[in-house]
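Please open the model in your viewer and keep the sequence panel visible beside it. The tour below proposes one selection after another and states what is found at each stop.

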Amino acid sequence: MMDFAYCMELAFREAIKAFERKEVPVGAVVLDSNGHVIGRGYNQVEALCDSTAHAEMIALTSAMATLGSKYLNDCTLAVTLEPCPMCAGAIVNAKVGRVIFGAYDPKMGAAGTVMNVTGSRQLNHQPEVFGGIMENKCRNLLQDFFRELRKGSDQ
């Protein structure tokens, strides 16, 4: 069994990169069935001026390039925030085997919170999903980021 805390710690390191670049601090990694990182990403929406440049999208693209395959059946995606509908759709399309996430997203979460794209039986694939892994650490980083952002806009 894969060590979920280890996976989330790797994703958290990616989130720190986003935080340092003044991006919403979300990070993601994709691991193969042997636990090797084959893709990584962090939010780059601002830097790339691209609303689709979410951590998961970058990590999935990187993993597919590494494997030379459009499918990630036996892979695990670890991400610090529950995937949004776009990312959840990409997860389903890529046939990711397992998703673990840190903080739940009460506004955009599409792995069970607001909607359940990853668990929809109408779609052709449903990954295993485990939420709340290192939840407080992941949520605190996001809260710190938005607190700093608000503080900066008050000046």
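The tour begins with the whole chain and then moves to single elements and residues.

**Before selecting anything**

This is a predicted model, in which local features need pLDDT of at least 70 and side-chain atom pairs count only at pLDDT 80 or more, while totals for chains, interfaces and linings use all residues. Residues are numbered from 1 along each chain as its sequence is written, and side-chain values use heavy atoms, with hydrogens and water left out.

**The whole chain**

Display the chain as a cartoon. The protein has 5 helices and 5 strands; these are DSSP runs numbered from the N terminus, with helices (H or I) of at least four residues and strands (E) of at least two. Read from the N terminus, the order of elements is α-β-β-α-α-β-α-β-β-α.

Along the principal axes, the C-alpha atoms fill a box of roughly 50 × 30 × 30 Å. The radius of gyration is 15 Å, which agrees with the value near 15 Å for a compact globule of 155 residues; the radius is taken over C-alpha atoms, and the globule rule is 2.2 Å times the number of residues to the power 0.38.

Now switch to the surface. The accessible surface comes to about 8000 Å², of which 51% belongs to carbon and sulfur atoms, as computed by the Shrake-Rupley method with a 1.4 Å probe. Of the 155 residues, 46% count as buried, where buried means under 20% relative accessible area, exposed means over 50%, and partly exposed lies in between (1.4 Å probe, protein chains only). Among contacts (heavy atoms within 4.5 Å) between residues at least 6 apart in sequence, 59% join residues at least 24 apart.

**Strand β3 and its partners**

Select residues 76–81, which form strand β3. Because 6 of its 6 residues are buried, β3 is largely enclosed by the rest of the structure.

Add strand β1, residues 27–31, which runs antiparallel to β3 and is joined to it by 4 bridges; two strands pair if DSSP finds at least two bridges between them. In this pairing, Ala28 stands opposite Val79 of β3. Next add β4, which pairs with β3 in the parallel sense over 5 bridges. Here Ala78 stands opposite Ile100 of β4.

Which residues surround Thr80 in this strand? Apart from neighbours within four places in sequence, Thr80 is in contact with Met8, Ala11, Phe12, Ala15, Pro25, Val26, Gly27, Gly102, Ala103 and Cys138. Thr80 counts as buried, at 2% relative accessibility.

**Glu56 in helix α3**

Select Glu56, which UniProt lists for "active site" in an unreviewed entry; such annotations may be inferred rather than shown by experiment, and the positions are given in the numbering used here, with feature names shortened. Glu56 is located in helix α3, residues 55–67. Is Glu56 buried or exposed? Glu56 is buried, with a relative accessible area of 3%. Its contacts beyond four places in sequence are Ala28, Leu77, Val79, Leu81, Pro83, Cys84 and Cys87.

**Helix α4**

Move to residues 85–93, helix α4, whose buried residues are Cys87, Ala88, Ala90, Ile91 and Val92. The cover over these buried residues includes α3, β3 and β4. After α4 comes Lys95, whose phi is positive, near 55°.

**Salt bridges**

Side chains of opposite charge can pair when their charged atoms come close. With a salt bridge taken as a side-chain nitrogen of Lys or Arg within 4 Å of a carboxyl oxygen of Asp or Glu, the count comes to 7. Three of them may be visited in turn:

- Glu14 and Lys17 (3.0 Å, N to O) both lie in helix α1, residues 4–20, 3 residues apart. Glu14 is buried at 2%, whereas Lys17 is partly exposed at 29%. Add Arg40 to see the network of salt bridges that links Glu14, Lys17 and Arg40.
- Arg98 and Glu128 meet at 3.5 Å, N to O. Arg98 lies in strand β4 (residues 98–103) and Glu128 in strand β5 (residues 128–130), so the pair ties together parts that are 30 residues apart in sequence. Arg98 is buried at 16%, and Glu128 is partly exposed at 41%.
- Glu148 and Lys151 meet at 3.3 Å, N to O. They are 3 residues apart in helix α5 (residues 135–154), about one helical turn. Glu148 is partly exposed at 45%, and Lys151 is partly exposed at 45%.
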